[in-house]
Each structure stands twice: as structure tokens, then as C-alpha cells.
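Me: I would love a close look at one part of this protein, with a little of what lies elsewhere in the model. Could you take me through it in plain words?

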Amino acid sequence: MERINDLITRMADIREDLDLTQMEMSERLGIKQGVYSRWEKGKEIIPLRRLNQFANLTDCSLDYICGFTRIRNYSQKLDALDQVEVGKRLRAFRKEHNITQKALSDYLNTTQSTISAYEKGRALLLTAFAIQIARKYKLSIDWICGKSDEKNITKA
């Protein structure tokens with residue numbers, strides 16, 4: 001929950017640093033202001049696709065937005081996340097650490113079939129799950145999403 005709060009705080013701080021209102025940010029994201037407001041208030045968690053879009057618009061890394069690093073800017077942008085690539089990276093990470101789908105699903109409080117769907121690219125990883133995995137394993141969300149080749153979170 002702590003990292004979700006970091007995400008909420010950072011999103012608002014980044015938007016304010018850019019002197020944008022919630023309405024202006026929501027327009028840039030192509031969504032209704034109420035939806036954006038719910039993300040900043042923590043009533044809903046921003047979907048990973050929209051988080052990527054927010055990162056691109058603000059020139060911030062996903063790791064920075066989620067509160068894992070103080071390194072704000074980076075140069076790699078992806079117009080859209082490739083859920084097949086995200087799934088491949090999730091599977092590679094899991095295999096590298098000898099974690100079964102069942103063990104990961106238990107940790108995330110979901111089902112093994114959900115993890116399988118992520119790994120096969122049939123569904124995009126939830127933002128909350130990406131944050132939980134990053135927190136526990138010190139794994140870069142930018143790497144998980146294919147935006148970086150650096151697996152580990154860079155603190156700096």
C-alpha cells in the first residue's frame with residue numbers, strides 16, 4: 001500500500017510541477033477529468049497502459065512515478081506497452097528467481113491462471129502487481145514494461 005501512496009503523491013506532484021490542472025492532464029491523456037481525479041485520490045489505481053502514457057507525457061520513468069527512484073527523467077519512451085513483451089519479461093524474471101506461477105500468484109493474492117495469462121500476453125499486468133513485484137524483488141517497472149534494459153531499480 002505504501003508504494004501505491006507514493007504513486008498517488010508523485011502523480012500529483014509531477015502534474016503540479018508542470019503547472020497543469022487535473023483537467024489539462026486528463027485532456028492530454030484523452031480521458032475524463034473524473035477518472036484522472038480518482039487516480040490521484042487513490043480511489044482507483046491507474047492502469048499500466050495509462051501509467052506509461054503519463055510517463056511519456058511527463059518525461060518521467062515508471063520507477064520514479066512509483067516512488068522507487070529519485071532519477072526522474074529518462075529517454076526511452078514506448079507509445080504503447082506490448083503485453084506479450086511484458087509477459088515474456090515477467091516469465092523470465094520468475095524463471096531466473098526459481099519462482100513458480102503458484103508462488104507468485106499466492107504472493108500477489110491472485111490465481112495461477114492470471115499469472116499464466118500475463119505471461120502468455122493475453123492480459124496486461126496490473127499496476128498494483130507490478131508495484132508489488134518491483135518492491136519485493138527490487139525489479140525495475142521500466143524493465144518489466146520493456147522501457148529499459150536495466151533490470152534492477154537504480155536508486156540514485
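In which helix is the place of threonine 58?

Reply: Happy to help! Please keep in mind that this is a predicted model. Threonine 58 has its place in helix H4, which covers residues 48-58.

Next comes the matter of burial. Threonine 58 has a relative accessibility of 5%, and because buried means under 20%, this residue counts as buried. As for its surroundings, if we leave aside the neighbours within four places in sequence, threonine 58 is in contact with Ile14, Leu18, Met25 and Ile65.

Now let us turn to empty space. Rolling a probe the size of a water molecule over the atoms shows where such space is left. The largest pocket holds about 210 Å³ of space. Its lining is made up of 16 residues, and Ser61, Asp63, Tyr74, Asp142 and Ser148 are the ones that lie nearest the centre of the pocket. Sorted by class, the lining has 9 polar, 4 charged and 3 nonpolar residues.

Finally, here is a pair of helices to find on your screen. Helix H7 (residues 101-108) and helix H8 (residues 112-119) have axes that come within 8 Å and cross at roughly 110 degrees. Angles of 65 to 115 degrees count as roughly perpendicular, so that is the word for H7 and H8. On the H7 side, the contact is made by Gln101, Lys102, Leu104, Ser105 and Leu108, while H8 brings Gln112, Ile115, Ser116 and Glu119. The contact of H7 with H8 has 4 polar, 3 nonpolar and 2 charged residues.

Definitions and conventions
Residues numbered from 1 in each chain as written. Predicted model: local features only at pLDDT ≥ 70, side-chain atom pairs only at ≥ 80, totals over all residues. Heavy atoms only, no water. Helix = DSSP H or I, 4+ residues; strand = E, 2+ residues; numbered from the N terminus. Buried < 20%, exposed > 50% of the residue type's maximum accessible area, 1.4 Å probe, protein only. Contact = heavy atoms within 4.5 Å. 1 Å grid on protein atoms, 1.4 Å probe; cavity = no way out; pocket = protein on both sides within 12 Å on 5 of 7 lines; lining within 4 Å. Points joined across faces, edges and corners; volume = space filled by probe spheres on them. Nonpolar A, V, L, I, M, F, W, Y, C, P; charged D, E, K, R; others polar. Axes fitted to C-alpha atoms, helices over the stretch in contact; angles between N-to-C directions. Parallel < 35°, antiparallel > 145°, perpendicular 65-115°, else oblique.
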